[in-house]
Amino acid sequence: MTEQALIEAARVSKAWPFQEAQKLLKRYPQGKPNGAPVLFETGYGPSGLPHIGTFQEVLRTTLVRRAYEALTGGAPTRLVAFSDDMDGLRKVPDNIPNAEVLSANLGKPLSRIPDPFGTHESFAHHNNAMLRDFLDRFGFDYEFVSASDRYNSGAFDAALIRVLECNQGILDIMLPTLREERRKTYSPVLPVSPTSGVVLQVPVEVIDAATGMIRFTDEDGSVVEQSVFGGKAKLQWKVDWAMRWYALGVDYEMCGKDLTDSVIQSGKIVQVLGGRKPEGLIYELFLDENGEKISKSKGNGLTIEQWLTYGTEESLGFYLFREPKSAKQLHAGVIPKAVDEYWQFRGNLADQALDKQLGNPVWHLLRTNGESGEDNSGAGDSVPVTFSLLLNLVGVLGSDATAEQVWSYLGNYVADATPEAHPELGEMVRAALATNRDFIAPTLQRRAPHANEAEALKVLDAELEKAGSEATAETLQNIVYEIGKNETFGFETLRDWFKALYETLLGSSQGPRMGSFIALYGVPETRKLIAEALSA
């Protein structure tokens, strides 16, 4: 694959990262002036523990970034992960220890509130560290920027002056969008009280834009004149977002559907400031298993660590890639399918034509950290056992199953069955054991076979005895298949036979390709399962 062939294919690809990258190509047909890098930004509000909704924005933005680089033959880019840690804490999240620490500091900037976990300088520093730890673990190339650092250091001073200069123009945009009561107190600038340290929602008079001086009434009723510089003020959310685009020169930022109105208003404000609204994608929100929006404060979604407990890094990226404009549920039950589909798509990648490769999620995921380039390294890789098959195996072994037990059974099916020889499979074994322990084992319940099912199981046992331990998965599958087709046993469809096997032998209404399971679990061990079922 030549670079030119890739560019030509990318420019006509329907894959959503390339469609998004096309917006940037139209924004800068000749590249960004003076060879400057195109700036991608992703925002994060550290008011609660990071969840997958936070992570997905960095991943998806990176996918567009890499698509743009492919589209342009390697034009320079940057990615800024921005934390709005000057925001005042509005409510105490439900899933935080020592909640009284946060309750005593409501309204103060997140970066000036003690860390309830007791490990970092502030609550924001703790949550920022959690975000960076995972982004680093996944190998993202990004620059972390915090609002508190920018406000406190003076890096935003020039942009703050511009906001004060445009104060009336910003009010003209925002006031018509607000309720009458809110209009009375609204100001683009939120001063920090010199007495309580709380971020105030009060009317503000601009005294001198050039020196940053404002006047407002403090909580105790006193009239205060103070500068907006040095972290003594921050901006309202929509104004702050626009100011950030203006100050940093952001070219691309995506956001969730719940921020659609903010995108519109912030886009108008950045134009008033003299900047340009970035390109971007508005994506659908993730839902929990009850169909409700996931929330950092409620803690009702999956955390990053929970996904990685029950799945793999690759499966996380794969699930987040798919259909960003469609709402998707995000709970532990979606993980197994994501694990298997990732490896299915990865296995197909090497033999696909270039246009199909560019539509394959794995092509994009392999490039998120810049490791896979023209050589398409990683394409065509596969694992010898599916995750669903592993889950059935550990389900039979029980809640106390160990990795050593699983690898001993894998020896029936996989050459050189060790974690060292198959590190990806090792991750799947770890995740399967955790999933079984917490979700599968507590729900499994084998039922006794019906009379016709018992007769079929006796025949299966006899056929397995004949086949022996060396029988291949395909041979074993044919044995199972032929028994199910035998009209003597009265199965209306083969599906009824397979369902009977799953429910009587595995304790579940769904299951694997039985030939593969028997080969993995072993013929003698499967015959023991049949004996247990027949004696139930």
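Two residues are in contact when heavy atoms of one and the other come within 4.5 Å. Keep that in mind for these exercises, and remember that the model is predicted.

**Exercise 1. Work out what share of the contacts with a separation of 6 or more joins residues 24 or more positions apart.**

Solution. Start with the parts: the protein chain has 24 helices and twelve strands. Now take the contacts with a separation of 6 or more; residues 24 or more positions apart account for 68% of them. As for the overall extent, the C-alpha atoms fill a box of roughly 95 × 60 × 40 Å along the principal axes.

**Exercise 2. Decide whether Thr312 is buried or exposed, and find what it touches.**

Solution. First, locate it: Thr312 sits in the loop between helix H12 (304–310) and helix H13 (313–321). Next, look at the relative accessible area of Thr312, which is 3%. The cut-off for buried is under 20%, so Thr312 counts as buried. Last, skip the neighbours within four places in sequence, and the contacts of Thr312 turn out to be Trp307, Val339, Glu427 and Met428.

**Exercise 3. Do the same for Lys466: is it buried or exposed?**

Solution. Lys466 belongs to helix H20 (residues 451–467). Its relative accessibility is 65%. Exposed means over 50%, so Lys466 is exposed. For a sense of distance, pick Val202: it is 264 residues from Lys466 along the chain, and their C-alpha atoms are 84 Å apart.

**Exercise 4. Find which residues touch the most other members of the largest nonpolar core, and which helix gives the most to it.**

Solution. The largest nonpolar core holds 114 residues, and Phe55, Trp307, Leu390, Leu410 and Leu460 touch the most other members. Helix H3 (residues 52–72) gives the most to this core, with ten residues. Zoom in on Leu390: without its neighbours within four places in sequence, its contacts are Val385, Val406, Leu410, Leu425, Met428, Val429 and Ala432. Another core lies apart from the largest one; it has 44 residues, including Tyr151, Leu200, Ala209 and Ile269.

**Exercise 5. Describe the whole chain by burial, surface and charge.**

Solution. Burial comes first: of the 536 residues, 53% are buried. Then the surface: the accessible area is about 23400 Å², with 48% of it belonging to carbon and sulfur atoms. Finally, count charges: there are 53 positive and 72 negative side chains, and the centres of these two sets are 6 Å apart.

Methods
Residues are numbered from 1 along each chain as its sequence is written. This is a predicted model: local features need pLDDT of at least 70, side-chain atom pairs count only at pLDDT 80 or more; totals for chains, interfaces and linings use all residues. Side-chain values use heavy atoms; hydrogens and water are left out. Helices (H or I, at least four residues) and strands (E, at least two) are DSSP runs, numbered from the N terminus. Buried means under 20% relative accessible area, exposed over 50%, partly exposed in between (1.4 Å probe, protein chains only). Accessible areas come from the Shrake-Rupley method with a 1.4 Å probe; for residues, only the protein chains shown count as cover. Lys and Arg count as positive and Asp and Glu as negative; His and the chain ends are not counted. The place of a charge is taken as NZ of Lys, CZ of Arg, CG of Asp or CD of Glu. A nonpolar core is a set of buried Ala, Val, Leu, Ile, Met, Phe, Trp, Tyr and Cys residues joined through side-chain atoms within 4.5 Å.
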